[in-house]
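Let's take a walk through this structure together, one place at a time. Keep the 3D view open and follow along.

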Amino acid sequence: MAVAVLAAGCIGGSNGSSGSNLEEKTLIVFHAGSLSVPFQQLEKEFSDYAEKNLGVKVTFQDEASGSVKAVRKVTDLGKKADIVAVADYTLIPQLMVPNYTDFYVLFATNEIVIAFTNESKYADEIDSDNWYEILARPGVTFGFSDPNQDPCGYRSVMVMKLADLYYGKPAFETLVEKNTNIYANGTHIYVPKEIQLKTNKVVIRPKETDLTGLVESGSLDYFFIYKSVAEQHNLRYITLPDEINLRDFGRADFYGQVSITLGSTGKTIKAKPIVYGVTVPKDAPNRELAIEFLKFLLGENGQRVFRENHQDFLNPPVAFGNVPEEIKALVKVEG
């Protein structure tokens with residue numbers, strides 16, 4: 001029925017002038033916090049597109065969270081979603097395939113930076129070489145998101161362990177182990193199910209964007225965040241060396257020396273270049289419309305929106321599994 005409605009909308013070429021007569025549908029979107037800004041823009045543009053071209057009035061039930069939490073809403077809590085978009089694509093094959101979805105698409109990249117404001121302590125001293133010494137100074141506070149819920153959190157922790165290898169200094173012990181109950185055995189990190197803070201130096205929040213306001217208000221000096229989010233919020237930031245920022249596909253082997261086991265899932269994740277993933281669950285309430293949204297995301301409109309919001313888009317996106325026919329022309333199908 002929904003396919004017929006969409007097809008009729010396309011063939012009929014509704015111009016949206018009689019919007020009150022259009023069928024109304026709601027798309028449920030669970031996505032990573034770091035996708036909030038581009039997805040808000042994308043959803044607004046898709047609503048306009050769908051009304052004019054598909055003959056459907058689309059509203060969105062949009063839920064931002066840490067990516068692990070976004071996936072677990074579907075797998076553990078039994079919630080229905082039309083789109084699940086995560087900051088670490090590997091969560092989809094690890095936790096959703098084959099029971100909850102049978103395909104996924106890799107579509108965007110990012111890198112970890114350290115963001116701050118002019119009010120942050122030692123803001124004019126910090127750089128790509130001394131950041132771990134600045135963060136360790138008395139009175140300096142810093143934050144990262146919850147590794148058990150959010151890829152930016154476990155990536156931030158892995159960046160600090162990679163810093164050990166790159167600088168030859170005990171950055172992880174100084175910044176993480178002394179201030180939390182997260183610990184490492186060699187290059188393998190363990191995150192307890194219940195994270196405890198040993199000092200007031202570190203602040204941990206459920207998702208990375210929860211920390212943005214704390215830094216903007218001056219109550220937190222620094223936080224580990226994706227470059228795109230720092231840009232979107234006009235924050236100052238330092239970039240980190242390619243050996244540790246998880247941006248460089250050519251350094252995947254170096255990143256892969258570090259791994260992390262999460263208490264929330266029991267899964268072990270190896271450090272790797274940052275790649276975002278998206279899927280439409282098998283039981284999506286509005287699957288056909290969700291596929292139309294996915295086409296919009298993966299096509300020229302989505303690429304433009306991500307460019308405008310300072311986030312790199314894979315060209316072409318890469319798809320795995322039982323890839324829907326409707327998107328095959330927009331992706332490179334692997335496996």
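Start at the largest pocket of this predicted model. Domain 1 (24–110 + 275–333) and domain 2 (112–270) both give residues to its lining, so the largest pocket lies between the two domains. Want to find it on screen? Pick out Thr109, Asn110, Glu111, Lys227, Arg247, Phe249, His310, Gln311 and Asp312, which line the largest pocket. Sorted by class, that lining has 1 nonpolar residue, 4 polar ones and 4 charged ones. As for the room inside, the largest pocket has a volume of about 160 Å³.

Now zoom out to the domains themselves. The domain assignment gives domain 1 as 24–110 + 275–333 and domain 2 as 112–270. How far apart do the C-alpha centres of domain 1 and domain 2 lie? They lie 27 Å apart. The contact between these domains takes 23 residues from domain 1 and 23 residues from domain 2.

Next up is a cavity. The structure holds 1 cavity of 30 Å³ or more, and the largest cavity has a volume of about 30 Å³. To locate it, look for Asp88, Tyr154, Arg155, Met158, Ile269, Lys270, Ala271 and Lys272, the residues that line the largest cavity. Which elements supply at least two residues each to this lining? They are α6 (151–167) and β13 (268–270), and α6 gives the most, with 3 residues. By class, the lining of the largest cavity splits into 4 nonpolar and 4 charged residues, with no polar ones.

Let's move on to the helices, with α2 (residues 36–53) as our guide. Its axis and that of helix α11 (residues 287–298) come within 11 Å and cross at roughly 115°. That crossing of α2 with α11 is right-handed. On the α2 side, the contact is made by Phe39, Leu42, Glu43, Glu45, Phe46 and Tyr49, while α11 brings in Leu289, Glu292, Phe293, Phe296 and Leu297. Counted by class, the contact of α2 with α11 has 8 nonpolar residues, 3 charged ones and no polar ones.

Helix α2 also meets helix α12 (residues 300–308): their axes come within 9 Å and cross at roughly 145°. The crossing of α2 and α12 is right-handed. Here Pro38, Phe39, Gln41, Leu42 and Glu45 in α2 meet Asn301, Gly302, Arg304, Val305, Phe306 and Glu308 in α12. The class tally for the contact of α2 with α12 is 5 nonpolar, 3 polar and 3 charged residues. If you're keeping track of names, Phe39, Leu42 and Glu45 of α2 appear in the contact with α11 and also in the contact with α12.

Finally, zoom right in on the backbone. Where does Pro98 lie? You'll find it in the loop between α4 (91–95) and β4 (103–109), and the peptide bond from Val97 to Pro98 is cis, with omega near 5°. Another cis peptide bond runs from Asn315 to Pro316, with omega near 0°. Pro316 lies in strand β15 (residues 313–321).

One last stop is Tyr122, in the loop between β5 (112–116) and α5 (131–136). Tyr122 has a positive phi of about 60° although it is not a glycine.

Note on methods:
Residues numbered from 1 in each chain as written. Predicted model: local features only at pLDDT ≥ 70, side-chain atom pairs only at ≥ 80, totals over all residues. Heavy atoms only, no water. Axes fitted to C-alpha atoms, helices over the stretch in contact; angles between N-to-C directions. Helix = DSSP H or I, 4+ residues; strand = E, 2+ residues; numbered from the N terminus. Left-handed = near helix turned anticlockwise from the far one by under 90°. Contact = heavy atoms within 4.5 Å. Nonpolar A, V, L, I, M, F, W, Y, C, P; charged D, E, K, R; others polar. 1 Å grid on protein atoms, 1.4 Å probe; cavity = no way out; pocket = protein on both sides within 12 Å on 5 of 7 lines; lining within 4 Å. Points joined across faces, edges and corners; volume = space filled by probe spheres on them. Domains from an automatic or database assignment.
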